[in-house]
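User: Please take a close look at one residue, beginning with what it touches, and then connect it to other parts of the chain. I am a first-year student, so plain wording would help.

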Amino acid sequence: MDISITRNQSPKAKPTDASQLGFGKVFTDHMFLMDYDRANGWHDARIVPYGDISISPASTVLHYGAEVFEGLKAYRRPDGEIQLFRPRDNFARMNDSAERLCLPELDGEFCLKALKMLINLDRDWVPSAEGASLYIRPFLFGNDPFLGVHTVNRCVFCIILSPSGSYYKEGVNPVRIMIETRDVRAVRGGTGYAKCGGNYAASMRAGEKAEQKGYAQVLWLDGVERKYVEEVGSMNVMFKISGVVVTPKLTGSVLPGITRRSCIALLKNWGLPVEERLLSVDELKQAVQEGTLEEAWGTGTAAVVSPIGELCVEDVPYIVNGGRIGPVTQKLYDELTSIQWGKKPDEFGWTELVK
Ligand SMILES: *Cc1c(COP(=O)(O)O)cnc(C)c1O
């Protein structure tokens, strides 16, 4: 399938100060769009000026939340080239998410080709300031113009690009996390493993409550027994307990993070033992009390690695590693960011140039 290009005739001024970018607020001059319907499959792949999309007020996505998305970044290397980090994994995961919501499958290689064309056109938007990157948001939604509840006939796939500033403006500082005991994010058999908007809609209330109490994010427990740790906000979570890195296993309600996968590969490469298993809050509390909880951190594309300095369990605060970033957390952060920004050779074949 060909990809048509309609150039933006009135390009915007590019932000000059990367520290003012924030996250997901500024968008580039173009976006990628492609339509689907049952009879024709995917068609009309096009790069067009960034702008509003018109949909029916009856559109499936507005009423039944038929939407999945991805999040990845393009990084400006010291030599000026632009690279992506494990982009195929994102499009593969998007298909897993789409399958769960009965949205049509996409050709991952075609999506990657489209993404590279789009970035190339908006190359000058990829920031080069320390820690800044081009955040990439591919998304797919059901767009039938009627209210009957059934799997969709029409869909839209879109990619938008947003130059974003460093996640850590004041250095990599540990965050405070609150364990949520009332709301749950996902259950086995539900959509927890899918990256879909609905999961986020269901998580807002707990997030807001945590924020009001002064916590950065929520640590979710399993939805059935509310006993096992699952993940943090929009990050997977890892704990170093007595020299072993423990991370919740992918039971179906946890999002299979690409940063998580990359951290596990790095840790194993360094000879550190990693266990993917069930981890109960009781075990965590005990580890804190016995002084064996050495480090805790979250992993995700936005923050890369985010140290956890405090865990609040039923209103009791537990301090991790004196509230400071631990050595393994720091090493993971340094190594991953060096690979992503092309400051270090990539032994794993994770990066891909945008030419
Ligand atoms: C995207 C996401 C993550 C992190 O995944 P990465 O691929 O590492 O960015 C973790 N949890 C949730 C709920 C997510 O949506």
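Analyst: Asparagine 120 is in contact with Val354 and Lys355, once its neighbours within four places in sequence are left aside. This is a statement about a predicted model. Asparagine 120 belongs to helix α3. With a relative accessible area of 27%, asparagine 120 is partly exposed, because that class covers values between 20% and 50%. Threonine 292 offers a reference point elsewhere in the chain: asparagine 120 and threonine 292 are 172 residues apart along the chain, and their C-alpha atoms are separated by 49 Å.

The helix that holds asparagine 120 also has a helix partner. Helix α3 covers residues 108-121 and helix α2 covers residues 87-100, and their axes come within 9 Å. The two axes cross at roughly 125 degrees. That angle makes α2 oblique to α3, because roughly perpendicular ends at 115 degrees and roughly antiparallel applies over 145. The crossing of α2 past α3 is right-handed. On the α2 side, the contact is made by Pro87, Arg88 and Phe91. On the α3 side, Gly108, Glu109, Cys111, Leu112 and Leu115 take part. Sorted by class, the residues of this contact are five nonpolar, one polar and two charged.

A second helix pair can be described in the same way. Helix α5 (residues 258-269) and helix α7 (residues 327-340) have axes that come within 11 Å and cross at roughly 110 degrees. α5 and α7 are therefore roughly perpendicular to each other, and their crossing is right-handed. From α5, the contact draws on Thr259, Ser262, Cys263, Leu266 and Leu267. From α7, it draws on Val328, Leu332, Glu335, Leu336 and Ile339. By class, this contact has seven nonpolar, two polar and one charged residues.

One residue of the α5 contact leads on to the cysteines. Cysteine 263 has a relative accessible area of 0% and is buried. Cysteine 196 is also buried, at 3%. Where could a disulfide be expected? In general, a disulfide is a covalent bond between the sulfur atoms of two cysteines. A search of the whole structure finds zero of them. For cysteine 196, the closest cysteine sulfur is in cysteine 102, at 12 Å, which is too far for a bond because the cut-off is 2.5 Å.

Just before helix α7 comes isoleucine 325, in the loop between β17 and α7. Isoleucine 325 has 23% relative accessibility and counts as partly exposed. Leaving aside neighbours within four places in sequence, isoleucine 325 is in contact with Val172, Pro174, Pro307 and Gln330. Isoleucine 325 and valine 246 are 79 residues apart along the chain, with their C-alpha atoms separated by 17 Å.

Two other loops contain a residue with an unusual backbone angle. Most residues other than glycine have a negative phi. Serine 242 is not a glycine, yet its phi is positive, at about 45 degrees. Serine 242 lies in the loop between β12 (236-241) and β13 (244-248). Its relative accessibility of 47% makes serine 242 partly exposed. Glutamate 314 likewise has a positive phi, near 45 degrees, in a residue other than glycine. The loop that holds glutamate 314 runs between β16 (304-313) and β17 (316-319). Glutamate 314 counts as exposed, with 53% relative accessibility.

Strand β2 supplies the last residue to look at. Tyrosine 36 sits in this strand, which spans residues 30-37. Is tyrosine 36 buried or exposed? At 17% relative accessibility, tyrosine 36 counts as buried, because the limit for that class is under 20%. Not counting residues up to four places away in sequence, tyrosine 36 touches Gly41, Trp42, His43, Pro104, Asn153, Arg154 and Cys155. Threonine 151 is 115 residues from tyrosine 36 in sequence, and their C-alpha atoms are 13 Å apart in space.

To return to the starting point: asparagine 120 is in helix α3, is partly exposed, and has Val354 and Lys355 as its contacts beyond four places in sequence.

Terms used
Residues are numbered from 1 along each chain as its sequence is written. This is a predicted model: local features need pLDDT of at least 70, side-chain atom pairs count only at pLDDT 80 or more; totals for chains, interfaces and linings use all residues. Side-chain values use heavy atoms; hydrogens and water are left out. Buried means under 20% relative accessible area, exposed over 50%, partly exposed in between (1.4 Å probe, protein chains only). Axes are lines fitted to C-alpha atoms, for helices over the stretch in contact, and angles run from 0 to 180 degrees between N-to-C directions. Helices (H or I, at least four residues) and strands (E, at least two) are DSSP runs, numbered from the N terminus. Angles under 35 degrees count as roughly parallel, over 145 as roughly antiparallel, 65 to 115 as roughly perpendicular and the rest as oblique. A crossing is left-handed if the near helix is turned anticlockwise from the far one by less than a right angle, and right-handed if clockwise. Contact means heavy atoms within 4.5 Å. Ala, Val, Leu, Ile, Met, Phe, Trp, Tyr, Cys and Pro count as nonpolar, Asp, Glu, Lys and Arg as charged, and the others, Gly among them, as polar.
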